[in-house]
Amino acid sequence: MNQKFWAVMTALLVFAGALAGCGGSGENDSALQQGADVQNAEESGATVQEEDQEKTKVVCYTVVTSTTSQEPIWNAIKEKFADKYEIELLEVDTENLDTVIKTGIASGEPADIYFKQGQYMKTYVDAGQALDLTPYLTENDSEWLNSLDQSLVEVGKYDGKYYSIPMTGVYANFYYNADLLAEAGITIPDEWTWEQFMEVCAQIDEKTDVYPYAICGLCNDFMARNALLSKSNDAGTMEQWGNGEIEATDPLLKECLEQTKELYDKGYWYPKDGAMITTRDEVIAAFHQEKVAIIGDVNAVSGMVADGCEFEIGIAAWPKAGSENISLGGADAYFIPSNAQNPEAAVEILKEFTSEQMQQIHADQGFAPVNINVSSSDPLVQKFADLKTRIYGSELMYVSTEMNAFWQDVLIEDYCLGISDLDSLLEQMETLRQEAVQE
């Protein structure tokens with residue numbers, strides 16, 4: 001309210017006191033003070049309202065509750081920026097993720113940050129719907145970029161530009177019974193070749209009474225897929241395989257599948273007759289019961305593997321079939337839509353997400369940090385962080401839903417069990433590849 005208004009109010013109060021005939025100076029002072037209190041309260045309220053209006057509202061579709069570190073991290077970020085940003089945190093609906101993202105972008109008012117796996121960003125990148133984060137990552141001599149695990153940040157790189165910031169990595173690895181193998185005098189290197197892996201399996205088979213290897217039926221194609229990634233990387237054709245540009249009958253894929261069958265045929269794969277249909281729970285239980293020495297899975301199940309285990313667990317990278325270990329998997333990540341309302345604020349928030357302070361929360365919750373300057377007191381978690389596995393998320397199996405189902409439900413089981421011969425299976429795969437490419 002302006003000064004003229006308060007001058008009029010004061011005059012009226014004085015005039016009212018005079019008319020009453022009993023208004024002493026104390027009553028007049030009280031009335032004046034009441035008026036001043038009203039003015040101060042309104043001015044104070046206006047200041048608070050102005051401060052609220054100055055805050056930038058940033059919508060973050062980022063909270064993945066299944067990754068237990070995310071809620072404490074995002075709540076800490078919200079608190080840290082409380083004086084600057086009004087951060088709205090939304091829980092991610094992973095089953096309808098693309099629908100939510102596409103609807104938000106099409107509306108013209110998307111969230112400022114979305115959760116999305118880096119390996120599945122291509123659709124948004126090709127449509128020009130993802131903000132190029134390269135300038136932010138590379139400013140100040142690439143200070144931000146150099147603080148991140150390169151194997152994870154590279155997953156969100158397309159045509160030489162970065163479009164996502166990693167949340168956590170998901171990749172294939174081995175868990176092994178370190179106590180059992182030590183007693184048998186068997187050593188597993190952190191990084192090893194296919195030949196070394198088969199030699200270790202032979203030693204376990206000879207020197208112990210347990211199976212060398214197990215993997216759940218859901219992941220029984222890991223050996224062939226990782227082999228194809230490693231071998232095609234050597235051949236310079238890894239990207240072409242991922243795009244479905246190479247015929248499925250190519251000899252390279254045949255070699256990878258033959259390796260997988262060799263593992264089964266030699267009796268190294270637990271539990272021989274039921275190896276193709278074991279569940280993850282059954283495999284982990286067999287590992288805990290010391291029926292199997294090595295199990296294959298992904299880093300994300302480390303908590304399940306460690307829980308209740310009474311021996312020391314070792315971790316090793318997947319054996320490389322070529323000169324370099326390329327692991328199937330990807331990186332859960334975040335990206336900023338190109339039409340976000342507050343891209344600069346979103347970038348600042350994502351920088352904070354990858355900061356040492358926030359990534360320490362991630363590590364303390366049992367996850368390998370994406371910031372390379374953060375370590376974990378949990379030796380299992382730190383071991384994952386130390387394994388610098390190169391992750392590649394584009395594979396032949398992902399060229400279509402039908403191809404994916406064939407890899408997971410038919411290929412390995414039918415080949416290893418002798419239900420179909422390899423040439424017949426590869427011809428079926430080639431038909432699926434051609435259908436996918438034509439679409």
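Partly exposed, in these notes, means a relative accessible area between the 20% under which a residue is buried and the 50% over which it is exposed. I need that straight away for K272, which has 26% relative accessibility and therefore goes down as partly exposed. I'm working on a predicted model.

**Entry: overview**

I began with the whole chain. I count 19 helices and 12 strands. Of the 439 residues, 50% are buried. I also looked at contacts between residues at least 6 apart in sequence, and 76% of them join residues at least 24 apart.

**Entry: odd backbone spots**

Back to K272. I find it in the loop between α12 and α13. Its phi is near 25°, a positive value in a residue other than glycine. P271 sits in the loop between α12 (251-265) and α13 (280-288) as well. I checked the peptide bond that joins Y270 and P271, and it is cis, with omega about -20°.

N140 also turned up with a positive phi for a non-glycine residue, near 55°. I place N140 in helix α6, residues 134-146. Is N140 buried or exposed? N140 counts as exposed because its relative accessibility is 58%, and the cut-off for exposed is over 50%.

**Entry: the cavity**

I searched the whole structure for cavities of 30 Å³ or more and got 1. Its volume is about 80 Å³. I listed the lining as R225, L228, L229, S232, M238, W241, G242, S394, E395, L396, M397 and W407. The elements giving two or more residues to that lining are α10 (222-235) and α11 (238-242). Which element has the largest share of the lining? I get α10, with 4 residues. Sorted by class, the lining has 7 nonpolar, 3 polar and 2 charged residues.

A general note to self: rolling a probe the size of a water molecule over the atoms shows where empty space is left.

**Entry: K231**

While on α10, I looked up K231, which is in that helix. I had to ask why K231 is classed as buried. Its relative accessibility is 15%, so K231 counts as buried, the limit being under 20%. Leaving out neighbours within four places in sequence, I have K231 in contact with L252, E255, C256, Q259, A321 and G322. With E255 there is a side-chain to side-chain polar contact at 3.3 Å. K231 and L252 are 21 residues apart in sequence, and I get 7.5 Å between their C-alpha atoms.

**Entry: nonpolar core**

The largest nonpolar core holds 139 residues. I looked for the members that touch the most other members and got W74, F197, L253, L263, W269 and M429. I followed up on M429. Setting aside neighbours within four places in sequence, M429 is in contact with A248, L253, L396, M403, F406, W407 and L411. Among those, L396 and W407 also appear in my list for the cavity lining.

**Entry: helix α17**

Next I took helix α17, residues 379-386, and pulled out its buried residues: L380, V381, Q382, F384 and A385. What do the buried residues of α17 pack against? I noted β6 (165-177), α14 (302-306), β9 (313-317) and α16.

**Entry: T354**

I went on to the loop between α15 (343-353) and α16 (356-364), where T354 lies. T354 is at 2% relative accessibility and so counts as buried. Not counting residues up to four places away in sequence, T354 touches W144, L148, I165, P166, Q359, V370 and N371.

**Entry: N339**

My last stop was N339, in the loop between β11 (329-335) and α15. N339 is partly exposed because its relative accessible area is 26%. Which residues does N339 touch, not counting those up to four places away in sequence? I have I105, G108 and P110. For I105 I wrote down the details: the side chain of N339 reaches the backbone oxygen of I105 at 3.1 Å. I also checked N339 against L131, which is 208 residues apart from it along the chain, and the C-alpha atoms of the two are separated by 8.0 Å.

Definitions and conventions
Residues numbered from 1 in each chain as written. Predicted model: local features only at pLDDT ≥ 70, side-chain atom pairs only at ≥ 80, totals over all residues. Heavy atoms only, no water. 1 Å grid on protein atoms, 1.4 Å probe; cavity = no way out; pocket = protein on both sides within 12 Å on 5 of 7 lines; lining within 4 Å. Points joined across faces, edges and corners; volume = space filled by probe spheres on them. Nonpolar A, V, L, I, M, F, W, Y, C, P; charged D, E, K, R; others polar. Buried < 20%, exposed > 50% of the residue type's maximum accessible area, 1.4 Å probe, protein only. Contact = heavy atoms within 4.5 Å. Core = buried A, V, L, I, M, F, W, Y, C linked by side-chain atoms within 4.5 Å. Polar contact = N/O pair within 3.5 Å; in protein donor to acceptor, adjacent residues only side chain to side chain.
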